[in-house]
Amino acid sequence: MRNVMNFKLLAAAALVVTAFSCKRSSNSSNVDSATGWAINDKQGGFQYNTKFKEQETPPGTVFIEGGTFTMGKVQDDPMHDWNNSPSQQHVQSFYMDESEVTNVNYLMYLDYLKSVYPPEDPNYANIYKGALPDTLVWRNRLGYNEMMTENYLRHPAYGNYPVVGVSWIQAVEYTSWRTDRVSEMSLQKAGYLERDSQYTAEGGSTFSTDTYINAPTKTYGGNDSIINPIKSRRRVQVNAKGDTINVYAKRESGLIGPKYRLPTEVEWEYAALGMSELRSYNIYRGRKKYPWDGQYTRSGSRAKRGDQLANFKQSKGDYGGIAGWSDDGADITQEVKFYEPNDYGLYDMAGNVAEWVADVYRPIVDDEFNDFNYYRGNTYYKNAINDDGSVKIVQETVYDTLSNGKIVARNLPGEIETVPVDEDETYLRTNFDRSDNRNFRDGDQKSSRYYRDNFEDGEEGEFDTRKVYNSPKHKIDQDSASGKMLKEYDKSSRRTSLINDEARVFKGGSWKDRSYWIDPAQRRFFPQDMATDYIGFRCAVSRVGSKSKTNKKKRN
């Protein structure tokens with residue numbers, strides 16, 4: 001009898017526990033499944049966006065679902081570069097600009113810099129100047145191109161044409177600026193910042209995404225009227241003591257997305273191929289030659305039969321075709337979105353302008369070491385910290401002098417100062433052991449790319465172990481008295497390469513290139529601080545969360 005009563009008591013207890021569990025799980029999105037404690041407690045507890053569904057498509061971009069593909073050129077290599085040997089790579093999903101950054105896009109950036117950091121102010125004089133595209137790239141010793149030199153960047157007729165004359169460094173600075181503007185707008189719409197704060201903030205106290213995340217009270221120079229909008233819209237909480245406290249958006253809010261950046265080489269090539277549909281064996285194995293289907297540059301459709309599918313140089317002295325019946329509709333660049341997009345919805349991934357990508361150039365893609373999100377160019381930094389433990393905010397503009405003598409801003413007022421990671425971050429790590437990884441496995445003990453050269457610089461009897469990529473090292477300095485730049489060419493006869501850690505990859509053909517170069521597998525390099533009239537750029541944003549945007553059922 002006693003056993004029966006015990007069984008009934010246990011059964012009743014189980015029902016109570018079950019009922020309690022069901023009650024708590026009915027609102028499980030706001031309850032920690034591991035502890036049962038509430039999430040987003042009104043008393044100032046752990047705050048987290050439990051209603052987040054999916055990353056919004058960043059402005060100006062299209063979604064690229066990641067996957068596996070054969071990077072490089074499987075077909076013949078008549079140039080015998082052998083710098084694009086095929087290798088299988090896997091790319092994570094990401095977003096990419098549907099077209100190149102245009103003149104009007106870049107002019108908006110310049111206008112912002114000019115209004116926030118007036119060039120007349122000696123403290124800001126080189127910020128705007130350092131961001132200006134080099135319009136002299138259009139000049140040719142034996143050609144008349146002054147019309148483009150004077151008009152291409154600013155005339156409305158070229159507003160939607162891809163911007164050129166922008167160096168890799170300038171392109172990277174643009175991506176940082178764009179990140180801040182998009183984050184700023186998102187926080188304004190959500191009520192975390194005062195509306196139109198970008199117009200009311202004073203010079204030197206603008207919005208920085210990193211500053212807002214790490215030291216929100218220092219944003220806009222600590223201007224509380226901007227950071228914390230009027231009470232009717234202010235995001236506040238009441239802590240356990242009953243005090244009202246300000247709430248700042250964190251990454252947990254889902255409002256601050258990944259940064260805009262240049263795409264990596266593997267991302268750019270994968271996106272250019274446009275393999276969004278079912279992949280045939282040839283496509284999967286890397287035998288797709290262009291961003292469109294087929295082996296030819298002309299359209300085979302009935303409506304547009306014979307039309308060129310991209311803007312490139314047809315032959316010697318032929319940049320567009322015969323007047324009145326143009327082959328590609330352009331002699332120099334063409335307005336973006338003029339030609340049909342590829343299957344991802346990306347325009348001009350072949351022709352018009354070649355494009356900067358993030359990678360440092362080497363003749364090989366080191367797939368032996370990594371075949372997932374391949375990228376050469378990682379330099380790891382961390383926030384500089386003050387003595388009191390707070391992050392160090394840049395108060396005065398920090399400039400860099402490039403190898404060509406141009407002065408560009410490295411850090412703007414209001415941004416967080418950064419320093420290379422050190423042994424505190426690398427000690428006993430297995431995935432990285434230094435800050436600068438641009439020349440990883442390239443002339444160090446992990447690589448065989450060494451050779452020995454004796455009697456370097458007149459030091460007889462000593463052997464100097466030299467790296468293969470010993471490019472010229474030109475010197476530039478500033479005279480302390482006159483302020484004039486002193487430039488000295490490297491005239492050494494021992495230099496055997498133009499490749500160094502500042503040589504960046506650019507991909508795709510341009511209006512100035514023959515059809516050979518519009519194959520997405522082709523790769524070339526150019527100094528990161530120089531510009532041309534045929535290289536532009538577009539931005540990318542990493543995807544967070546699921547690989548696909550389609551709602552697939554969870555696998556059991």
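How many residues apart in helix α5 are tyrosine 174 and tryptophan 177, and what separation along the helix does that give? In this predicted model, the two residues are three apart within helix α5, which spans residues 168-189, and they are therefore separated by about one helical turn.

The rings of these residues belong to a wider set of contacts, since the count for the structure comes to 29 aromatic pairs. Tyrosine 174 and tryptophan 177 form one of them, a tilted pair with 5.6 Å from centre to centre and 40 degrees between the planes. Tyrosine 174 and tryptophan 177 are both buried, and ring pairs join them with Tyr106, Tyr109, Tyr112 and Phe537 in a cluster.

A second pair, formed by tryptophan 356 and phenylalanine 506, is edge-to-face, with 6.4 Å between the centres and 75 degrees between the planes. This pair links distant parts of the chain, as tryptophan 356 lies in strand β10 (residues 354-360) and phenylalanine 506 in strand β19 (residues 503-507), 150 residues apart. Tryptophan 356 counts as buried because its relative accessibility is 0%, and phenylalanine 506, with a relative accessible area of 3%, is buried as well; the cut-off in each case is under 20% relative accessible area.

Aromatic rings in this model also meet charged side chains. Arginine 504 lies over the face of tryptophan 168, at 3.7 Å from the ring centre, while the charged end of arginine 524 sits over the ring of tryptophan 517, 4.2 Å from the centre of that ring.

Methods. Residues numbered from 1 in each chain as written. Predicted model: local features only at pLDDT ≥ 70, side-chain atom pairs only at ≥ 80, totals over all residues. Heavy atoms only, no water. Phe/Tyr/Trp six-rings, centres within 6.5 Å; stacked < 30°, edge-to-face > 60°. Helix = DSSP H or I, 4+ residues; strand = E, 2+ residues; numbered from the N terminus. Buried < 20%, exposed > 50% of the residue type's maximum accessible area, 1.4 Å probe, protein only. Lys NZ or Arg CZ within 6 Å of the ring centre and 35° of its normal.
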